[in-house]
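Subject: Structure handover

Hello,

Here is the structure I promised to pass on. My notes follow below it, and I hope they are handy when you open it in your viewer.

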Amino acid sequence: MPEGHTIHRLAQDYAARFQGREDLRLSSPQGKFSDAATVLGGASLTRTEAHGKHLFLGFRAGDWVHIHLGLFGKVTFGDAPAPPPTDTVRLRLANATSYVDLRGPTTCALITDAEKQAIHDRLGPDPLRPDADPAAAYARVRRSRTTIAALLMDQKVIAGVGNVYRAEVLFRHRVDPYRPGRDITAAEWDAIWADLVALMRDGVRDNRIDTVRPEHTPEAMGRPPRVDDHGGEVYVYRRAALPCHICGTGVRTADLAARNLFWCPTCQTP
DNA sequence: TCCTTATGTACAA
DNA sequence: TGTACCTAAGGAC
């Protein structure tokens, strides 16, 4: 599930169900986080935060649980009573009314304030954070020979964009994914950034990625709605060889840095 | 039941 | 650039 919008939504949802309550219990049925769960004991959740794809659960001054879902991590919320956990649950939070299970994360670790700060320091601006500075991202983009497709996935350049938002925002701005960063104009970057802010805010609200403009929706175009397992309506992501919604050209796909890239060779210009 | 795939990242060579 | 890691679902047998 995880691009930045998912993580910001998780920060909200963890807070809504657990923040400020005194009846919290932590456990690690799988065992890999048992020591930390014991250290935290019955501490209450005081705040939550997201930066890019990193989630931080704050328990007391200096105590943070740092979570990164990686490619496979999943989080499941539910109402009490919590069912018996399966043996893949890395971290369960439970109180009298709710539970939440974390499975398969790349990272789930107890860290200090200083360690958390170090993570912020190595991440680029996040379109979903109010403190984000798009000019800092553009400063890196404009002096790079690397393709814009790779730069958008580089969390040091911009935090929170993943393979879906990358493909979709480049399509929406008609930018060929192989164009070098240095050939992206300031106006193009400003438009891409503003679009990411809007798209990702929608993503947090809806808990899915929809990128198709109203005039290109299945209803407007007279096509059947797309239903994929990520749940959203998109232009090119995972639509290899299918006709482009706008021009009908077959959507192309290629490997770029071990990830699948999708684009329309007609609509997107070098 | 096995194989492939996936919205990610880190580290080795 | 390749590989390892974490999990679950879907499709091929």
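In what follows, two residues are in contact when heavy atoms of theirs lie within 4.5 Å. Please also keep in mind that this is a predicted model.

Let me begin with the domains. The domain assignment splits chain A into domain 1 (4-122) and domain 2 (134-263). Ten residues of domain 1 are in contact with 16 residues of domain 2, and the C-alpha centres of the two domains lie 29 Å apart. Between domain 1 and domain 2 an area of about 890 Å² is buried, with carbon and sulfur atoms giving 57% of that area. On the domain 1 side, the residues that lose the most area to domain 2 are His5, Arg9 and Lys53, which together make up 62% of what that side buries.

Next, the helix pairs. Helix 1 (residues 4-18) and helix 7 (residues 186-206) have axes that come within 8 Å and cross at roughly 45°. Angles of 35 to 65 degrees fall outside the parallel and perpendicular classes, so helix 1 is oblique to helix 7. Their crossing is right-handed. From helix 1, Gly4, His5, His8, Arg9 and Gln12 take part, and they meet Met200, Gly203, Val204, Arg205 and Asp206 of helix 7. Sorted by class, this contact of helix 1 with helix 7 holds two nonpolar, five polar and three charged residues.

Helix 7 also packs against helix 6 (residues 163-172), at an angle of about 130° and with the axes 10 Å apart. Helix 6 and helix 7 are therefore oblique to each other, and their crossing is right-handed. Helix 6 brings Tyr165, Val169 and Arg172 to the contact, while helix 7 brings Ile192, Asp195, Leu196, Leu199, Met200 and Gly203. By class, the contact of helix 6 with helix 7 has six nonpolar residues, one polar and two charged. Met200 and Gly203 of helix 7 thus appear in the contact with helix 1 as well as in the contact with helix 6.

Finally, two backbone details to look at. The peptide bond from Ala80 to Pro81 is cis, with omega near 5°; Pro81 sits in the loop between strand 5 (74-79) and strand 6 (89-94). Asn207 is not a glycine, yet it has a positive phi of about 60°. You will find Asn207 in the loop between helix 7 and helix 8 (218-221).

Best wishes

Note on methods:
Residues are numbered from 1 along each chain as its sequence is written. Chains are lettered from A and ligands numbered from 1 in the order in which they are written. This is a predicted model: local features need pLDDT of at least 70, side-chain atom pairs count only at pLDDT 80 or more; totals for chains, interfaces and linings use all residues. Side-chain values use heavy atoms; hydrogens and water are left out. Axes are lines fitted to C-alpha atoms, for helices over the stretch in contact, and angles run from 0 to 180 degrees between N-to-C directions. Helices (H or I, at least four residues) and strands (E, at least two) are DSSP runs, numbered from the N terminus. Angles under 35 degrees count as roughly parallel, over 145 as roughly antiparallel, 65 to 115 as roughly perpendicular and the rest as oblique. A crossing is left-handed if the near helix is turned anticlockwise from the far one by less than a right angle, and right-handed if clockwise. Ala, Val, Leu, Ile, Met, Phe, Trp, Tyr, Cys and Pro count as nonpolar, Asp, Glu, Lys and Arg as charged, and the others, Gly among them, as polar. Domain bounds come from an automatic or database domain assignment. Buried area is the accessible area (1.4 Å probe) that two parts lose on being put together, summed over both.
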